[in-house]
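Let's take a walk through this model, starting with a pair of rings and ending with a pair of helices. Have the viewer open as you read.

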Amino acid sequence: MSKSPYALKILSGVCKGLSLRIPPKEITRPTKAIVRTSLFNVLRPQIASRVFIEVFGGSGSVGLEALSCGACEALFFEKDPLVFEVLQTNIDTYQRRDSARARAIQGDGLILLQNYLTELCMPYILYFDPPFGGLLETSLRCLECLDVLKDTLAIFEHASSIPMPRNLASFSIIKQTRFGRTSLSYYSKS
């Protein structure tokens, strides 16, 4: 795979300004800067004691931003081998600047997630950013089936045109933010 251009930057925290590579746009849809800024303005007060899990890793920009803002660890899942290569490069680039704990798993996060959650003994944040036009319903069902800790926060990045359920098993929606065609929906385990 040819090297992808640097096109994203960490927006805040200890690695602010660090450039990240992005996979080809035909394969992924990077989270926009305005969405990441809003997300971490909401999460900053509670992120320091949590593991941030990016279920659809992509470039890793959201999870690496979480580390930069103080998350104690980041875990990424990425199914596509070409995208996984870019993700691993970005993690390596990040770790050359900050020795934060980050690991990437190549595979389907919706299938592998529960096994990794059982290994964690600290609170975590689940971030679902499935490809628009597919996998949102599967992601919602996945969350309903997970055995998670009481104070788990799950966040979905999705098309604004899609209505999100108010409740998912033991989760309830606590906040929604719209950014044009993209929205974030925050769910807390009740």
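Are F77 and Y116 buried or exposed? Keep in mind that this is a predicted model, then pick out the two side chains. F77 and Y116 are both buried. Their ring centres sit 5.5 Å apart with the planes at 75°, and since anything over 60 degrees counts as edge-to-face, that is the label this pair gets. It's also a link between distant parts of the chain: F77 belongs to strand 4 (residues 73-78), Y116 to helix 4 (residues 109-117), and 39 residues separate them.

That pair isn't alone, as searching the whole structure turns up five aromatic pairs. Elsewhere, F40, F52 and Y127 are joined into a cluster by ring pairs.

F40 is a handy stepping stone, because it also turns up in the contact that helix 1 makes with helix 2. Here helix 1 covers residues 33-43 and helix 2 covers residues 61-68, and their axes come within 11 Å, crossing at roughly 40°. An angle of that kind is neither under 35 degrees, which would be roughly parallel, nor in the 65 to 115 range for roughly perpendicular, so the two helices are oblique to each other. As for handedness, the crossing of helix 1 and helix 2 is right-handed.

Who does the touching? On the helix 1 side you'll find R36, L39 and F40, and on the helix 2 side S61, V62, E65 and A66. Sorted by character, the residues of this contact come out as four nonpolar, one polar and two charged.

Key
Residues are numbered from 1 along each chain as its sequence is written. This is a predicted model: local features need pLDDT of at least 70, side-chain atom pairs count only at pLDDT 80 or more; totals for chains, interfaces and linings use all residues. Side-chain values use heavy atoms; hydrogens and water are left out. Axes are lines fitted to C-alpha atoms, for helices over the stretch in contact, and angles run from 0 to 180 degrees between N-to-C directions. Helices (H or I, at least four residues) and strands (E, at least two) are DSSP runs, numbered from the N terminus. Angles under 35 degrees count as roughly parallel, over 145 as roughly antiparallel, 65 to 115 as roughly perpendicular and the rest as oblique. A crossing is left-handed if the near helix is turned anticlockwise from the far one by less than a right angle, and right-handed if clockwise. Contact means heavy atoms within 4.5 Å. Ala, Val, Leu, Ile, Met, Phe, Trp, Tyr, Cys and Pro count as nonpolar, Asp, Glu, Lys and Arg as charged, and the others, Gly among them, as polar. Rings of Phe, Tyr and Trp (its six-membered ring) pair if their centres lie within 6.5 Å; planes under 30 degrees apart count as stacked, over 60 as edge-to-face and the rest as tilted. Buried means under 20% relative accessible area, exposed over 50%, partly exposed in between (1.4 Å probe, protein chains only).
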